[in-house]
Amino acid sequence: MAADSIQILHIEDNPLEAALMRELVSVSIPDKHDLTGVGDLAEAVAHLAENRVDLILTDLSLPDAGGMETLRTLIPRAPGVPIIVLSGYDDEKTSLEALRAGAQDYLVKGEVSSHLLRHAIRYGMERKRLDAALSIERDLVDNLLDNIPDRIYFKDLSSRYLRINRALASIIG
């Protein structure tokens, strides 16, 4: 594949589901991806240690991990990589929990169309890019606030301090 292709890691233990997703990905983003499939979390972790990955598509129920444990294992090993959960369960509680844990999207197997998958991939990757840019900006502001000699503070409408910089903190203790 071309160097500018999207490197996708697909984690799915069911061979039929894996084949269906391979086909769906090829229809959703033809000629712009390189999809690597693995069958469990251990294989995924090994792949992440050795390869560049731009996107992860994963089931939550794997032979060696289940539920949010899957995300808790993947996220620190793939910082900045968008993760889209593909689940057989249409459960709002689980989908919200996955999003709060750091997944970019939660799609229900059997209800995923090529249009929906293309949308989830495009938007998930863009959100991760924007999150990274925002994090850099936040770090710059934090660094400026902590190192400027002027006393700076932010208050809410009730006049409660929301944030103060290091110069003001040293004065008021």
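Start by selecting D146 and R166: their side chains meet in a salt bridge, with 3.8 Å from N to O. Keep in mind as you look around that this is a predicted model. The D146–R166 pair links distant parts of the chain, since D146 belongs to helix α5 and R166 to helix α6 (residues 166-172), 20 residues apart. How open to the surroundings are the two partners? D146 is partly exposed, with a relative accessible area of 30%, while R166 reaches 52% and counts as exposed.

Next, pick D156 and R160. Here is another salt bridge between side chains, at 2.8 Å from N to O. D156 is partly exposed at 22% relative accessibility. That value is not under 20%, so D156 does not count as buried. R160, at 53%, is exposed.

Now go to K109 and D59. Their closest N and O atoms are 2.9 Å apart, and the two residues form a salt bridge. Are these two buried or exposed? Both K109 and D59 are buried. Colour the loops around them as well: K109 sits in the loop between β5 and α5 (114-147), and D59 in the loop between β3 and α3 (68-77), so this pair ties together parts that are 50 residues apart in sequence. Add E12 to your selection, because salt bridges with shared partners join E12, D59 and K109 into one network. If you would like to hunt for others, a search of the whole structure finds seven salt bridges.

From D59 it is a short step along the chain to the sheet. Show the strands as a cartoon and look for an open sheet of five strands, in the order β2-β1-β3-β4-β5, with parallel pairing. Which strands are at the edges? They are β2 (33-38) and β5 (105-108), each of which pairs on one side only. Turn the view to see the twist: neighbouring strands of this sheet are turned by 20° against each other on average, direction ignored.

Zoom in on β3 (residues 55-58) and β4 (residues 83-87), which pair in the parallel sense over three bridges. To see one pairing up close, select T58; its bridge partner in β4 is V85. Then bring in helix α4 (residues 92-101), which packs on the sheet and touches β4 and β5. The direction of α4 makes about 150° with that of β5.

Select helix α3 next. Within α3, M68, T70, L71, T73 and L74 are buried. What covers the buried residues of α3? The cover includes β1 (6-11), α2 (41-50), β3, β4 and α4.

Finally, zoom out to the whole chain. The protein has six helices and seven strands, and from the N terminus on its elements run β-α-β-α-β-α-β-α-β-α-β-β-α. Its C-alpha atoms fill a box of roughly 65 × 40 × 30 Å along the principal axes. The radius of gyration is 21 Å, whereas a compact globule of 173 residues would have one near 16 Å.

Of the 173 residues, 36% are buried. The protein exposes about 10400 Å², and carbon and sulfur atoms supply 53% of that area. If you display contacts between residues at least 6 apart in sequence, 56% of them join residues at least 24 apart.

Technical notes. Residues numbered from 1 in each chain as written. Predicted model: local features only at pLDDT ≥ 70, side-chain atom pairs only at ≥ 80, totals over all residues. Heavy atoms only, no water. Pairing = 2+ DSSP bridges. Helix = DSSP H or I, 4+ residues; strand = E, 2+ residues; numbered from the N terminus. Axes fitted to C-alpha atoms, helices over the stretch in contact; angles between N-to-C directions. Contact = heavy atoms within 4.5 Å. Salt bridge = Lys/Arg side-chain N within 4 Å of Asp/Glu carboxyl O. Buried < 20%, exposed > 50% of the residue type's maximum accessible area, 1.4 Å probe, protein only. Rg over C-alpha atoms; globule rule 2.2 N^0.38 Å. Areas by Shrake-Rupley, 256 points an atom, 1.4 Å probe, with all protein chains shown as cover.
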